[in-house]
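Okay, thanks everyone for coming. I'll talk through two spots in this one, so have the picture up while I go.

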Amino acid sequence: MSTLLFRNGRVIDPSQNLDRIADLWVKDGKVLGLGPRSDSATDILDCTGMIVSPGLIDMHVHFREPGREEDETILTGSRAAINGGVTTVACMPNTEPAIDTRDAAEFVILQAKRANQCHVLPIGAVTKGRAQKELAEIGKLVDGGAVAFTDDGAPVQSAEIMRRALEYTKMFKRKTKFARPVTAYEDRFGKAVLVHAEIMELTEGGVMNEGEVSVRLGVRGMPGVAEDIMIYRDIVLAELTNGKVHILHVSTAGGVDLIRQGHKRAMELHEAGKPTFWISGEACPHHFNLTDEALATYDTNFKMAPPLRTQRDVDAIIEGLKDGTLSVLATDHAPHSAEKKSREFDAAPNGILGLETFLPMCITHLIEPGHLTWIQMLEKMTINPARVLGIDRGSLVEGAIADVTVIDPDLEWAIDVNAFHSKSRNSPYHGWKVKGKAVAVAVGGGLKKNELQ
Ligand SMILES: [Zn+2]
Ligand SMILES: [Zn+2]
């Protein structure tokens, strides 16, 4: 096939605790190792001054296909991923129809192959049709390629269904040998259930965070405890079942604290050699760089679920990212056509785009202010989401699939939604000045983007 040389970059691979200037060699779709070597390269990328990272993983995207192709397709979403430096995405199953059968999961994989951009992994629904009545065919979904389970877009409202989902999904353990390092702790678990935490009785009719700002604006709010209660429920259900739970888009200070305590308890059990459970948490950029004050404009690009919260919550999320409680960064990329987002505020759908602003927002708001180091940030975008999903990605060890993201850490630019590859434009970040950009991307050793000279 080909031999690719990423020359003289700062190679940062958190899976190996590696951060040094080196050549990275890729051959026939796999990582060969760090140079110098005697091989001759078919392609040489001069990465001087650049960061060379394992391909970024975004484990939380909504690609809308099948059913809402006017908002996004697997092709346009994958192009947006590559443009943002993301080489693997996991797709939420709240499509129409939902991804709740083996055929549906295989359809996502087939469309991703046709698109031929990034890796697209299907996530299966927890309940049939996401109707909250009976469990979906979990085993068949796993056979079809589903890497995790969720009813995201909505919570699993029944604690009984959640309990059974955790009991069932934990049985599907890793069957293949991985190239990347695997920890003894992660190897104890099967598939994860991904939690959209929201007690619906408490958020009914709400359009933003409940607090000072919602009172001032005179609109109905959604209290933070609606999220905290379900995070607590699912942590204790994980402990009861020895299951694997990952909390999506954590937005509250209370939620961060519950996950911190839960994780501590899980690690104590693990270290004592006792039956244990998995609990991890994820943060999205909008929950650490925006607050509910933004809603004063009634711009629907600030409307999402969970909603933008207060500065106190933002500070807690940054603290959770710093101390490792929130081990994953993801986007919740949620495209909506202009027609839908331009409806009046109450009627507009929740969610914003994320893929093409993900990396610069994290660099600008986590690295630049000194909250995280590069290796800490990239860990949350590579090996950590790979561990939640149980996939052989997120590492540049020898023999790993050669997914590589090259980042210019110093490039200063402004977000322009009109330059997005996504089919939609619903981003609140148009015009924001940012630092850092993905300038080259390889997927399975094939170059998909190259803005290096
Ligand atoms: Zn959600
Ligand atoms: Zn989502």
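**Around Lys449, then the metals**

Let's start with Lys449: setting aside neighbours within four places in sequence, this lysine is in contact with Ile82, Asn83, Ala438, Val439, Ala440 and Val441. Keep in mind that we're looking at a predicted model. Lys449 sits in strand 18, which covers residues 446–450.

So, is Lys449 buried or exposed? Its relative accessibility is 9%, and because the cut-off for buried is under 20%, Lys449 counts as buried. And what does the side chain of Lys449 reach? That would be the backbone oxygen of Asn83, at 2.7 Å.

Right, over to the metals. Take the zinc ion that's ligand 2: on the protein side, its donors are His60 and His62, each through NE2, plus Asp152 and Asp332, each through OD. Those donors lie 2.1 to 2.3 Å from the zinc. If you like to read it as a sequence pattern, the spacing is H-x1-H-x89-D-x179-D.

Now, why do we call the arrangement around ligand 2 irregular? Because the four donor atoms subtend angles of 82 to 172°, whereas tetrahedral would need all angles between 85 and 135 degrees.

There's a second zinc ion too, ligand 1, and the two zincs are 3.6 Å apart, with Asp152 coordinating both. Asp152 and Asp332 also link distant parts of the chain, being 180 residues apart. Asp152 is in the loop between strand 9 (148–149) and helix 4 (159–169), while Asp332 is in the loop between strand 15 (326–329) and helix 11 (338–341). Both of those aspartates are buried.

Note on methods
Residues are numbered from 1 along each chain as its sequence is written. Chains are lettered from A and ligands numbered from 1 in the order in which they are written. This is a predicted model: local features need pLDDT of at least 70, side-chain atom pairs count only at pLDDT 80 or more; totals for chains, interfaces and linings use all residues. Side-chain values use heavy atoms; hydrogens and water are left out. Donors are N, O and S atoms within 2.8 Å of the metal (3.2 Å for Na, K and Ca); water is not among the atoms, so sites may look incomplete. Four donors count as tetrahedral if all angles lie between 85 and 135 degrees; four count as square planar and six as octahedral if opposite donors are over 155 degrees apart and all others between 65 and 115; anything else is irregular. Helices (H or I, at least four residues) and strands (E, at least two) are DSSP runs, numbered from the N terminus. Buried means under 20% relative accessible area, exposed over 50%, partly exposed in between (1.4 Å probe, protein chains only). A polar contact is a pair of N or O atoms within 3.5 Å; within protein, one must be able to donate a hydrogen and the other to accept it, and residues adjacent in sequence count only if both atoms are side-chain atoms. Contact means heavy atoms within 4.5 Å.
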